[in-house]
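Reader: I would like a close look at one site in this model, the surroundings of a bound ligand, rather than a tour of the whole. Please start with a residue from the protein wall behind it, and explain how the neighbouring parts are arranged.

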Amino acid sequence: MASGGGLVVMVRDWDQPAWARHFAKCLPGRKIAEWPDISSADAIAYAAVWRPDPGALAEYPNLKVIFNLGAGVDHLLDDPTLPDVPLVRLVDDSLTAPMSEYVVFQVLLHFRRHLAYSEFQRQKRWKPLRQPRAGEVGVGIMGLGTLGVDAAKKLAGLGFDVAGWSRSPKTIEGIASFAGDAQFVDFLQRTDILVSLLPATPKTKGLADRSLFARLRRDGPLGGAIYINAGRGATQNETDILTALDAGELAGASIDVFETEPLDANSALWHHPRVVITPHVAADTDRDAAALAIIAQIVNFEAGRPLAHVVDPAQGY
Ligand code: NDP
Ligand code: OXD
């Protein structure tokens, strides 16, 4: 690609110069700018962003497309000055495959009683626990989108009894589909291991609370329900997670995303014996793959073909 509109790179917490160098290498002949340089703002048609400062995108009057360098766009839609141009989220196997690894790993960790056995090991205790079969365990995935479907299929491949919950009904072989508010309780009641891969939207905010945990199956083969969240922290109530763990409504949890990140050092989640914490790493953006995906979209866009994976701001994802 030898010419065309310029691209500005705005990434917080990641190595912005490295991203800019990478785009310059992949898009020779194009203006590549790095926020906060707005000296050639008029020449910028595209923005590649991850958690940009609110208001930053509004500095570019000729912006045509915003490419988010991750799947979740809540941080962008929260900006009241966000330019009214298509916002494209990242959908790529380099994000989907690691997310499924994380989900499968955490499901297996709880299913195979790993937390109990590591405690027994510390105590030098030889104590076999009954191991249920995968088919006895209901895994429920909230959010049957790009990431949820892939994880659901991989878990079904391991023999788990998998269901998904989404806004619209789905037909996926081997996965039971539940949709909308009307089917939510039925979905929760058949779930031993709940996996959240939901985006943060006004409708999903605070959804995983005590009343939700209380509806999960408690008399299942794991002796209690498990909660796994790799979607967004805003969809959960962390005080309620701790209360539900202590009240026996939850038997364990694996959490990658938090209401506030980094998780406060004083949070009791850090040292809860039945909680596994990871620092928002379930699926990290791969620079090479993300740049390739964006360049393919720019090529299509400039050829007059439709952009893929455009966010619907009214739905918030
Ligand atoms: P998608 O947009 O493909 O899927 C979102 C799913 O959530 C869809 O199935 C959608 O339903 C469902 N959904 C949205 N709102 C509701 C609602 N109110 N009730 C029921 N279902 C709802 O997103 P992805 O699968 O690509 O990504 C999901 C999220 O994962 C991202 O938004 C991001 O926050 C998070 N993420 C976290 C990462 C990490 O490292 N921890 C890495 C990457 C992403 P429908 O299908 O009907 O539209
Ligand atoms: C994402 C994320 O949204 O990393 O891609 O959380």
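**From a buried valine to the ligand shells**

Author: Once residues up to four places away in sequence are set aside, Val 311 touches Val 73, Leu 77, Leu 87, Arg 89 and Tyr 317. Everything described here belongs to a predicted model, and the distances should be read with that in mind. Val 311 sits in the segment after helix 9, and because its relative accessible area is 6%, under the limit of 20%, Val 311 counts as buried. Its contact with Arg 89 joins parts of the chain that are 222 residues apart in sequence, while their C-alpha atoms are 6.7 Å apart in space.

Two of these contact partners lead directly to ligand 1. Arg 89 and Tyr 317, both touched by Val 311, are among the residues that come nearest to ligand 1, together with Ser 168, Lys 170 and Asp 256, out of 28 residues around the ligand. In the case of Tyr 317, an N or O atom of the side chain is 2.5 Å from an oxygen atom of ligand 1. Lys 170 also places a polar side-chain atom 2.6 Å from an oxygen atom of this ligand, whereas at Arg 167 a polar backbone atom is involved, 3.1 Å from a nitrogen atom of ligand 1. Taken alone, ligand 1 would expose 940 Å², and the protein buries 92% of that area. Sorted by class, the shell consists of 13 nonpolar, nine polar and six charged residues.

Among the elements that line ligand 1, helix 5 and strand 7 each supply at least two residues of the shell, and helix 5 deserves a closer description. The twelve residues of this helix, 146-157, should span 16 Å at 1.5 Å a residue, and since the end C-alpha atoms are 17 Å apart, the model agrees with that expectation. Its buried residues are Leu 147, Gly 148, Val 149, Asp 150, Ala 151, Ala 152 and Leu 155. An α-helix has 3.6 residues a turn, so residues three or four places apart point the same way. The spacing of Leu 147, Ala 151 and Leu 155, which are included among the buried residues, can be read in that light. The cover over the buried residues of helix 5 includes helix 3 (93-111), strand 6 (138-142) and strand 7 (161-166), so that strand 7 appears both in this cover and in the shell of ligand 1. Just after the helix, Gly 159 adopts a positive phi of about 100°.

A second ligand can be set beside this site. Ligand 2 is surrounded by Trp 50, Gly 70, Ala 71, Gly 72, Arg 232, His 280 and Ala 283, and by class this shell holds three nonpolar, three polar and one charged residues. Its oxygen atoms have protein partners of several kinds: a polar backbone atom of Ala 71 is 2.7 Å from one oxygen atom, a polar side-chain atom of Arg 232 is 2.7 Å from an oxygen atom of the ligand, and an N or O atom in the side chain of His 280 is 2.5 Å from an oxygen atom. Ligand 2 taken alone exposes 210 Å², of which the protein buries 88%.

Arg 232 leads on to the chain around Gln 236, which lies in the loop between strand 10 (225-229) and helix 8 (238-247). Because its relative accessible area is 2%, Gln 236 is buried, and its side chain makes a polar contact of 2.9 Å with that of Glu 238. Beyond its neighbours within four places in sequence, Gln 236 has contacts including Tyr 227, Asn 229, Ile 241 and Ile 255. Ile 241, in helix 8, is buried with a relative accessible area of 0%, and it touches Phe 213, Tyr 227, Gln 236, Leu 250, Ile 255 and Leu 269 outside that same window of sequence. Tyr 227 also appears among the contacts of Ser 254, a residue of strand 11 (250-255) that is buried with a relative accessible area of 0%. The side chain of Ser 254 makes a polar contact of 2.7 Å with the side chain of His 110, and His 110 falls within the span of helix 3, one of the elements that cover helix 5.

Methods. Residues are numbered from 1 along each chain as its sequence is written. Chains are lettered from A and ligands numbered from 1 in the order in which they are written. This is a predicted model: local features need pLDDT of at least 70, side-chain atom pairs count only at pLDDT 80 or more; totals for chains, interfaces and linings use all residues. Side-chain values use heavy atoms; hydrogens and water are left out. Helices (H or I, at least four residues) and strands (E, at least two) are DSSP runs, numbered from the N terminus. The expected span of a helix is 1.5 Å times one less than its number of residues. Buried means under 20% relative accessible area, exposed over 50%, partly exposed in between (1.4 Å probe, protein chains only). Contact means heavy atoms within 4.5 Å. A residue is near a molecule or strand if one of its heavy atoms lies within 4 Å of it. A polar contact is a pair of N or O atoms within 3.5 Å; within protein, one must be able to donate a hydrogen and the other to accept it, and residues adjacent in sequence count only if both atoms are side-chain atoms. Accessible areas come from the Shrake-Rupley method with a 1.4 Å probe; for residues, only the protein chains shown count as cover. Ala, Val, Leu, Ile, Met, Phe, Trp, Tyr, Cys and Pro count as nonpolar, Asp, Glu, Lys and Arg as charged, and the others, Gly among them, as polar.
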